[in-house]
Amino acid sequence: MMQSLRAFLTAMKNNPRKLAKTMTTVPDVCNGFQFAQDFKALPRAKSDLSCAPRNVIWEYFQNYKEGPGIFKWEHYFDIYQRHLAKFVGRKVDVLEIGIYSGGSLKMWRSYFGEKCHVYGVDIQEACKAYEDEHVTVFIGDQADRNFWRTFKSNVQGIDVVVDDGGHRPEQQQITLEELLGHIRPGGVYVCEDVHGVFNNFAGFVMGFVHALNSCDWVGGPILRSRVTQFQSAIHSIHFYPYVIVIEKHFESPSMFTAPKHGTEWQPF
């Protein structure tokens with residue numbers, strides 16, 4: 001973290017205008033937080049959800065009564081369905097960090113289907129007992145970069161990462177730094193249990209959000225912006241209560257463009 005801070009301060013020293021711009025966002029962060037604290041929602045309207053698509057993974061969890069334990073916040077299952085349903089029935093490699101009692105390893109295999117292989121990571125040696133032909137377990141510390149180098153040398157790419165490990169911001173940050181580049185195009189990174197106001201890991205990912213909004217304008221007849229390496233890889237970043245989701249592009253854009261369509265334009 002100190003190395004990152006030194007690099008940031010050096011970059012800011014060499015670019016005073018960027019430093020000034022960065023500092024102007026601090027009041028906006030505080031104002032946004034206060035707005036959220038004071039926010040009053042409209043009364044909940046009645047809705048007909050009879051046509052809503054089935055959430056198969058939620059049904060699995062609800063009906064799961066016996067066997068190795070599964071321990072999840074209930075609202076996570078809508079998030080899973082939204083971001084992971086596209087992998088169901090496909091050949092997919094899934095990594096879950098934090099095995100605990102092993103029940104979620106079975107859940108992922110059931111949800112994604114027969115073409116799914118699940119990798120589990122845990123610090124407890126006893127979790128090796130959950131291995132079978134469809135599940136591979138690695139024992140190690142998610143905050144250990146050497147462990148991740150070993151993991152990546154043995155696993156040639158992942159489609160879905162679910163970090164349900166130690167939950168400490170420094171563990172989550174190191175894991176994200178080590179694995180984001182190892183996720184295949186179109187893959188999804190899910191970090192669970194990002195708890196607390198002004199969480200350090202959430203702050204780290206907010207830096208990603210600023211990078212995602214980077215603009216490098218190109219002159220010409222239409223509005224265009226060059227794409228950074230980060231933008232070419234990262235499709236979107238989503239924040240939910242206690243969960244952060246990062247999705248990668250299936251196909252990397254080479255340029256962001258905003259052409260005008262139509263023939264009638266207001267004179268002003």
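## Strands, loops and a pocket

Strands β1 and β4 run parallel to each other and are joined by four bridges. That pairing is a good way into this predicted model, a chain with nine helices and ten strands. Of its 268 residues, 37% count as buried. If you take the contacts between residues at least 6 apart in sequence, 64% of them join residues at least 24 apart.

**Around strand β4**

- Let's stay with β4, which covers residues 158-163. Six of its six residues are buried, so the rest of the structure largely encloses this strand.
- On the β1 side, look for Leu95, which sits opposite Val161 of β4.
- β4 also pairs with β5, again in the parallel sense, this time over five bridges. Here Val161 turns up again, with Tyr189 in β5 as its bridge partner.
- What holds paired strands together? Strands of a sheet pair through backbone hydrogen bonds, either parallel or antiparallel.

**Around strand β9**

- β5 (residues 183-192) has a link to β9 too: the two pair in the antiparallel sense over five bridges. Tyr189 faces Ile246 of β9 across that pairing, and Tyr189 is also the bridge partner of Val161.
- Is β9 largely enclosed or not? Six of the six residues in β9 (residues 243-248) are buried, so the rest of the structure largely encloses it.
- In a regular strand, side chains alternate between the two faces of the sheet.
- Which residues of β9 lie on which side? Val243, Val245 and Glu247 are on one side, with Ile244, Ile246 and Lys248 on the other, and all of them are buried. Both faces of β9 are therefore covered, and remember that a residue counts as buried when its relative accessible area is under 20%.
- β8 (residues 234-240) runs antiparallel to β9, and six bridges join the two. One facing pair to find is Tyr240 and Val243 of β9.
- β8 and β9 make a hairpin with two residues between them. In the turn, Tyr242 has a positive phi of about 75°.

**A three-strand sheet**

- β6, β7 and β10 form an open, antiparallel sheet, in the order β6-β7-β10.
- Why do β6 (217-218) and β10 (255-258) count as edges? Each has a single partner strand, so one side of each has no neighbour in the sheet.
- β7 (residues 223-226) pairs with β10 in the antiparallel sense over four bridges. If you want to spot the match yourself, find Arg226 and its bridge partner in β10, Met255.

**Two loop residues to look up**

- Arg90 lies in the loop between α4 (76-84) and β1. With 33% relative accessibility, Arg90 is partly exposed.
- How far apart in space are Arg90 and Glu114? Their C-alpha atoms are 8.5 Å apart, although the two residues are 24 places apart in sequence.
- Beyond its neighbours within four places in sequence, Arg90 touches Phe112, Lys115, Cys116 and Phe250.
- Ile70 is in another loop, the one between α3 (56-63) and α4. Ile70 is buried, with a relative accessible area of 15%.
- From C-alpha to C-alpha, Ile70 and Ser101 are 7.0 Å apart, with 31 residues separating them in sequence.
- Setting aside neighbours within four places in sequence, the contacts of Ile70 are Tyr60, Phe61, Tyr64, Gly103, Ser104 and Met107.

**The second largest pocket**

- The second largest pocket has a volume of about 440 Å³. Its lining has 28 residues, and those closest to the centre are Gly98, Tyr100, Asp164, Gly165 and His167.
- β1 (92-97) and β2 (116-122) each give at least two residues to the lining of this pocket.
- What is the lining of the second largest pocket made of, by class? There are nine nonpolar, twelve polar and seven charged residues.

**Cysteines**

- A disulfide is a covalent bond between the sulfur atoms of two cysteines.
- How many disulfides does a search of the whole structure find? The count is zero.
- Two cysteines to look up are Cys116, which is buried at 3% relative accessible area, and Cys191, buried at 1%. Cys116 is also one of the contacts of Arg90.

Terms used: Residues are numbered from 1 along each chain as its sequence is written. This is a predicted model: local features need pLDDT of at least 70, side-chain atom pairs count only at pLDDT 80 or more; totals for chains, interfaces and linings use all residues. Side-chain values use heavy atoms; hydrogens and water are left out. A disulfide is a pair of cysteine sulfur atoms within 2.5 Å. Buried means under 20% relative accessible area, exposed over 50%, partly exposed in between (1.4 Å probe, protein chains only). Two strands pair if DSSP finds at least two bridges between them. On a 1 Å grid over the protein atoms alone, a cavity is a set of points where a 1.4 Å probe fits but cannot get out, and a pocket is an open set with protein on both sides within 12 Å along at least five of seven lines; lining residues have an atom within 4 Å of a point. Grid points are joined across faces, edges and corners, and a volume is the space filled by probe spheres set on the points. Ala, Val, Leu, Ile, Met, Phe, Trp, Tyr, Cys and Pro count as nonpolar, Asp, Glu, Lys and Arg as charged, and the others, Gly among them, as polar. Contact means heavy atoms within 4.5 Å.
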